[in-house]
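Good morning, colleagues. Please turn to the sequence and the structure on the screen, and I shall begin with the aromatic residues.

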Amino acid sequence: MRTGRPATPIVLTKAERTELARRANQRKGPFDSRIRAEIILACASGEPGTAIAQRLDIGVHTVSRWRVRFGQWRLDGLNDTSRSGRPRSIRDEQVQEVIDRTTQTRPEDASHWSTRSMSKAVGISPASVQRIWHAFGLEPHREKTFKLSTDPAFVDKVHDIVGLYMNPPDRALVLSVDEKSQIQALNRTQPGLPLTVGKPATRTHDYQRHGTTSLFAALDVATGEVIGRLKRRHRSAEFITFLNAIDRDVPAGLDVHLIMDNYGTHKTDKVKTWLSERPHYHVHFTPTSASWLNLVERFFSTISEKWIKRQAHTSVSDLEKSIRHYLTIYNDDPKPFQWRKTADDIIASVGRAAASLNR
């Protein structure tokens, strides 16, 4: 027979539930903070204290203590010590208003909220707005670009390509192929200052253009090694020359799976003829507007950020020599890029984005 006073039900506001979920799911941070957040979320769902204690491998009294403290001081009660000093000046309703305004509205005179405009609208300090945004991971000043694929075979192509990444076929080579075109040979108009203690390196905002080159690259998905060739032009003829370079480097007796986007130079009659003469080559095209599925793009991002972006080049030849040098160093100790998202995860994510756009 059950005895004792029943536990007071925990009812969470939307803001509290969001914050507790953030704390419970954070990979880094204090372990105690995650446990306390899980306790309160479980209590709010109606899970018995004994079941919570057993599942989290903690004492029943620990569950009871944090339930009581949350009931008295809400989120502040989950700190190691109870709140001291003056009482909270910001109510939960104001926190929720900041979140709702940030995610659902915009000011009349700007495209997004700033701390000052939100402070004026809600009636709290800019510093308080900033703390709320930080706590809930809101960054209204940032914006990312995207485009949903309209390819009717999107689902099949995603399963095909992700399958090659996560479960490659036996006795086969999987190469992610693309071109980084129009790489500019840029030289600054004046020398910059070097990095010193307390001061970053500098460079002029303007530059001199000395022409462009294109990097044709084939990333070995299994090893991370890159076959790279530089061409001044970016046509079907240059692409076939690059395919010949790949063919010379590929070990005999292996099937070769090429992952490519839908760029025109990849689909000309000459390219189709070249491929038909080599039946051990198999082409897998990414969905339209989904070149992010091509893993070689990750390598292009790496070479841009780690090497090209801060370099100065006085000619195209100088730029090409620099890129060849990086390729040599990179291939001395290549590391494969790990693809982690399953095809189902990707399709579900795209589905959620499409549903949000169609509301």
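In this predicted model, a search of the whole structure yields seven aromatic pairs. One of them joins Phe299 and Phe300, whose rings are tilted, with 6.2 Å from centre to centre and 50 degrees between the planes. Are these residues buried or exposed? Phe299 is buried, because its relative accessibility is 0%, and Phe300 is likewise buried, at 4%.

A further tilted pair is made by Trp307 and Tyr326, with centres 5.6 Å apart and planes at 40 degrees. Trp307 belongs to helix H11, residues 296–308, and Tyr326 to helix H12, residues 316–332, so this pair ties together parts of the chain that are 19 residues apart in sequence. Trp307 is partly exposed, with a relative accessible area of 21%, whereas Tyr326 is buried, at 8%. Which residues form the aromatic cluster? Phe299, Phe300, Trp307, Tyr326 and Tyr330 form one cluster.

Let me turn to the nonpolar cores. The largest contains 33 residues, and Leu215, Phe299 and Ile323 touch the most other members. At least two residues each are supplied by helix H8 (154–166), strand E1 (172–188), strand E2 (207–220), strand E3 (226–231), H11, H12 and helix H13 (343–357). Of these, H8 gives the most, with six residues. As a general remark, nonpolar side chains in soluble globular proteins tend to be buried together.

What does Ile323 touch? Leaving aside residues up to four places away in sequence, Ile323 touches Ile183, Thr213, Leu215, Leu230, Ile303, Trp307 and Ile308. A second, separate core has 19 residues, including Phe239, Phe242, Met260 and Trp274.

Met260 leads us to the strands. Met260 stands opposite Phe285 in strand E5. Strand E4, residues 255–260, and strand E5, residues 281–285, run parallel and are joined by five bridges. From E4 the chain passes through helix H10, residues 269–276, to reach E5, and this β-α-β crossover is right-handed.

Finally, I would draw attention to two charged residues placed over rings. Lys267 lies over the face of Phe285, at 4.6 Å from the ring centre. The charged end of Arg278 sits over the ring of Trp274, 3.9 Å from its centre. Phe285 is thus a residue to view from both sides of the discussion: Met260 stands opposite Phe285, and Lys267 lies over its face. Trp274, in turn, is included in the second core and has the charged end of Arg278 over its ring.

Key. Residues are numbered from 1 along each chain as its sequence is written. This is a predicted model: local features need pLDDT of at least 70, side-chain atom pairs count only at pLDDT 80 or more; totals for chains, interfaces and linings use all residues. Side-chain values use heavy atoms; hydrogens and water are left out. Rings of Phe, Tyr and Trp (its six-membered ring) pair if their centres lie within 6.5 Å; planes under 30 degrees apart count as stacked, over 60 as edge-to-face and the rest as tilted. Buried means under 20% relative accessible area, exposed over 50%, partly exposed in between (1.4 Å probe, protein chains only). Helices (H or I, at least four residues) and strands (E, at least two) are DSSP runs, numbered from the N terminus. A charge sits over a ring if NZ of Lys or CZ of Arg is within 6 Å of the ring centre and within 35 degrees of the ring normal. Two strands pair if DSSP finds at least two bridges between them. A crossover is right-handed if, with the strands pointing away from the viewer, the path from the first strand over the helix to the second runs clockwise. A nonpolar core is a set of buried Ala, Val, Leu, Ile, Met, Phe, Trp, Tyr and Cys residues joined through side-chain atoms within 4.5 Å. Contact means heavy atoms within 4.5 Å.
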